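Trainee: I am new to this one. Can we go through it by question and answer?

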Amino acid sequence: MRAIFGQFLVNCIPFVRNTKISRKPISFFIRKNIIMSESNEYDSCFDNPRLVIKKVLAKPQSEGNGAVVRRSIGRHELRNLDPFLILDEFSVSAPAGFPDHPHRGFETVTYMLEGAFTHQDFAGHKGTINTGDVQWMTAGRGIIHSEMPAGEGSQKGLQLWINLSSKDKMIEPRYQELLDEDIPRAENNGVKVKIIAGEAMGVQSPVYTRTPTMYLDFTLQPTSYHHQAIPESWNAFVYIIEGEGVFGITNSGPVSAHHCLVLGPGEGLSVWNKSSKPLRFVLLGGQPLNEPVVQHGPFVMNSQDEIDQTFEDYQYCKNGFENARYWRSGY
């Protein structure tokens, strides 16, 4: 055994009635000197499960140039959830999109659910991400870029904004891009997961996260269930992409697509699909930065003075925005 976040990492073989038991372990965290009860489809695997403490329906709103997004984090009901700043589920058809715009002080994670998006920036980086692909962009001290649909019909995906600590806000921009086929996967007893960041079912993502982050895409078939460990010091939430599920405890009511569920403290999340259709959701967790957040549009810093300086840098094309003087994407 090895210590993780002051706890122990142990393995639990889930009990499934009248089926062959998989010998693949599910990892979860328990406190010292606590004996776990045997888990089945009717109760949580955790002595201290994470429960849903807030539910937000992501309603459509206009964003960019003619684009429509469903924003859950980043609206008045849920301003932010440290270290997360914004979560948008977007659905965009050309010619709408997100033409040239700046960022500073955080990271954007774009995950394509359907279709394709083309990205280009003022440093010469250009590429297209397709269904299932991920682009993890660290804006750092400054980037100006465009994000536009690259196909016919509606292009759909999720974009997450993750805050950077004060020591990382002015680092050089960088990218991590993962093709769908290169993202690790795991499967057990009707549960499939893509591990974009973090770990699930003993499988680790190769993505480096400056702000420690978990990003898991789960699909649960009808009657299946799953128990996922989450470091106890982290904030975490669920966003339901399709279907409906029961989260936290088995006797809670089902929640349907386009809802964001903020999770309370605990060792991990238990989920059940009691419906007749597949349930798909993303589970995100992150280590809180516990720093002041001052946000003005696409700029996120720690003080108003830093925001004022950022506007000056952007206006006069300096301190990270030098290339803005001559660059245009063409959109």
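Mentor: We will take ring pairs, then a sheet, then some backbone details. Keep in mind that the model is predicted.

Trainee: How many aromatic pairs does a search of the whole structure find?

Mentor: The search covers the whole structure. Its count of aromatic pairs is 11.

Trainee: Is the pair of phenylalanine 98 and phenylalanine 117 stacked, tilted or edge-to-face?

Mentor: The ring centres of phenylalanine 98 and phenylalanine 117 are 6.2 Å apart, and the planes meet at 40°. Stacked needs under 30 degrees, and edge-to-face needs over 60. The pair is therefore tilted.

Trainee: How many residues apart in sequence are the parts that this pair ties together?

Mentor: Phenylalanine 98 belongs to strand S8, residues 98–103. Phenylalanine 117 belongs to strand S10, residues 116–121. So the pair links parts whose separation in sequence is 19 residues.

Trainee: Is phenylalanine 117 buried or exposed?

Mentor: The cut-off for buried is under 20% relative accessible area. Phenylalanine 98, at 14%, counts as buried. Phenylalanine 117 has 5%, so it is also buried.

Trainee: What kind of pair do phenylalanine 299 and phenylalanine 311 make?

Mentor: Their ring centres lie 5.2 Å apart. Their planes stand at 90°, and over 60 is the cut-off that matters here. So the pair is edge-to-face.

Trainee: Which helix takes part in that pair?

Mentor: Phenylalanine 299 sits in strand S29, residues 299–301. Phenylalanine 311 sits in the helix of residues 304–315, so the pair ties together parts 12 residues apart in sequence. That helix is H1.

Trainee: Is phenylalanine 311 buried, partly exposed or exposed?

Mentor: Its partner phenylalanine 299 is buried at 2% relative accessibility. Phenylalanine 311 has 32%. Buried needs under 20% and exposed needs over 50%. Phenylalanine 311 is therefore partly exposed.

Trainee: Which residues do ring pairs link into a cluster with Phe299?

Mentor: Ring pairs join Phe299 to a cluster. The other members are Phe311, Tyr314 and Phe321.

Trainee: Now the sheet. Which strands are at its edges?

Mentor: Seven strands form an open, antiparallel sheet in the order S4-S25-S22-S27-S20-S17-S16. From one strand to the next, the twist averages 20°. An edge strand pairs on one side only. The edge strands are S4 (52–57) and S16 (185–188).

Trainee: What is the bridge partner of leucine 57 in S25?

Mentor: S4 and S25 (residues 259–263) pair in the antiparallel sense over five bridges. Leucine 57 has its bridge partner in S25. That partner is histidine 259.

Trainee: Where is the cis peptide bond from alanine 94 to its proline, in terms of strands?

Mentor: A cis bond joins alanine 94 and proline 95, with omega about 10°. Another cis bond runs from aspartate 82 to proline 83, with omega near 10°. Proline 83 is in the loop between S6 (67–71) and S7 (84–92). Proline 95 is in the loop between S7 and S8.

Trainee: Is cysteine 317 buried or exposed?

Mentor: Cysteine 317 is in the segment after H1. Its phi is positive, about 55°, although it is not a glycine. Its relative accessibility is 14%, and under 20% is the cut-off. Cysteine 317 is therefore buried.

Trainee: Is asparagine 189 buried, partly exposed or exposed?

Mentor: Asparagine 189 has a positive phi near 50°. It lies in the loop between S16 and S17 (191–197). With 34% relative accessibility, asparagine 189 counts as partly exposed.

How values were computed
Residues numbered from 1 in each chain as written. Predicted model: local features only at pLDDT ≥ 70, side-chain atom pairs only at ≥ 80, totals over all residues. Heavy atoms only, no water. Phe/Tyr/Trp six-rings, centres within 6.5 Å; stacked < 30°, edge-to-face > 60°. Helix = DSSP H or I, 4+ residues; strand = E, 2+ residues; numbered from the N terminus. Buried < 20%, exposed > 50% of the residue type's maximum accessible area, 1.4 Å probe, protein only. Pairing = 2+ DSSP bridges. Axes fitted to C-alpha atoms, helices over the stretch in contact; angles between N-to-C directions.
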